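Trainee: Please take one part of this model and go through it closely. I would like to start with a residue of unusual backbone geometry and then see the rest around it.

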Amino acid sequence: MNEHNHNDSRPYPTLDANDVYCIGRLGKPHGVKGEMTFLFDDDVFDRVDADYVFVKVDGLLVPFFFESYRFRSDETALVKWEDVDTADAAAELTGCEVFFPRQLADEDTDAPLSVAEIVGYQVIDAANGQTVGTIKAVDDATINTLFEVETPDGRSVVLPANADLIGTFDRAQHTVTMTIPDGVLNL
């Protein structure tokens with residue numbers, strides 16, 4: 001079991017939606033002491049030994065500090081937050097989305113980018129260096145992974161996320177440069 005402590009005097013950065021990305025959702029309370037299920041798509045919180053994550057509570061990103069967590073599977077952990085000490089307090093968080101700071105994820109340079117992490121990245125057209133748009137979702141439910149991209153003019157386009165088309169990922173700039181197949185942007 002990982003134990004984490006924190007220093008309350010640490011300043012928190014001012015956040016906007018581009019500073020974090022969704023890594024999962026909180027499930028039901030487990031027991032009576034505030035422990036709860038955490039269903040995650042990205043275990044970055046463990047890889048970088050993070051002290052905290054952000055939980056979206058009533059539309060606001062609130063820092064929650066790990067008291068402890070233990071894995072139940074590759075996609076589920078039981079987590080105990082500091083200052084969440086009852087099943088009722090944990091139940092109030094059920095269904096809330098959990099977000100991770102991109103700045104901390106960027107420090108994990110050895111790990112491949114996760115599907116969750118690239119949401120919010122800008123797609124750059126390798127042919128002309130122009131911004132195609134922002135990745136809003138990744139559809140990996142079928143054999144062909146697709147990037148759902150919102151263009152600067154508000155249109156939604158789907159790009160094949162084929163390894164042959166993807167050039168480079170830039171973690172620092174939050175961009176992915178890729179070859180855009182002819183005609184795809186006009187669909």
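Mentor: D58 is exposed, because its relative accessible area of 77% is over the 50% cut-off. The model is predicted, and in it D58 sits in the loop between β4 and β5. Its phi is positive, about 50°, although D58 is not a glycine. Most residues other than glycine have a negative phi. H174 is another non-glycine residue with a positive phi, near 55°, and its place is the loop between β12 (166-170) and β13 (175-178).

The strands on either side of D58, β4 (52-57) and β5 (60-71), each give two or more residues to the largest nonpolar core. That core has 25 residues, and I23, L26, F38, F45, W81 and F100 touch the most other members. Besides β4 and β5, the elements that supply two or more residues are β2 (20-29), β3 (36-40), α1 (44-47), β6 (76-81) and β7 (97-101). Leaving aside residues up to four places away in sequence, I23 touches F38, L39, F40, D41, D42, V44, F45, V98, F99 and F100. Another core, of 17 residues, lies apart from the largest one and includes F147, L159, V176 and I180.

As for the whole protein, there are 4 helices and 13 strands. Of its 187 residues, 40% count as buried. Among contacts with a separation of 6 or more, 54% join residues 24 or more positions apart. The protein exposes about 10500 Å², with carbon and sulfur atoms supplying 47% of that area.

Technical notes
Residues are numbered from 1 along each chain as its sequence is written. This is a predicted model: local features need pLDDT of at least 70, side-chain atom pairs count only at pLDDT 80 or more; totals for chains, interfaces and linings use all residues. Side-chain values use heavy atoms; hydrogens and water are left out. A nonpolar core is a set of buried Ala, Val, Leu, Ile, Met, Phe, Trp, Tyr and Cys residues joined through side-chain atoms within 4.5 Å. Buried means under 20% relative accessible area, exposed over 50%, partly exposed in between (1.4 Å probe, protein chains only). Contact means heavy atoms within 4.5 Å. Accessible areas come from the Shrake-Rupley method with a 1.4 Å probe; for residues, only the protein chains shown count as cover.
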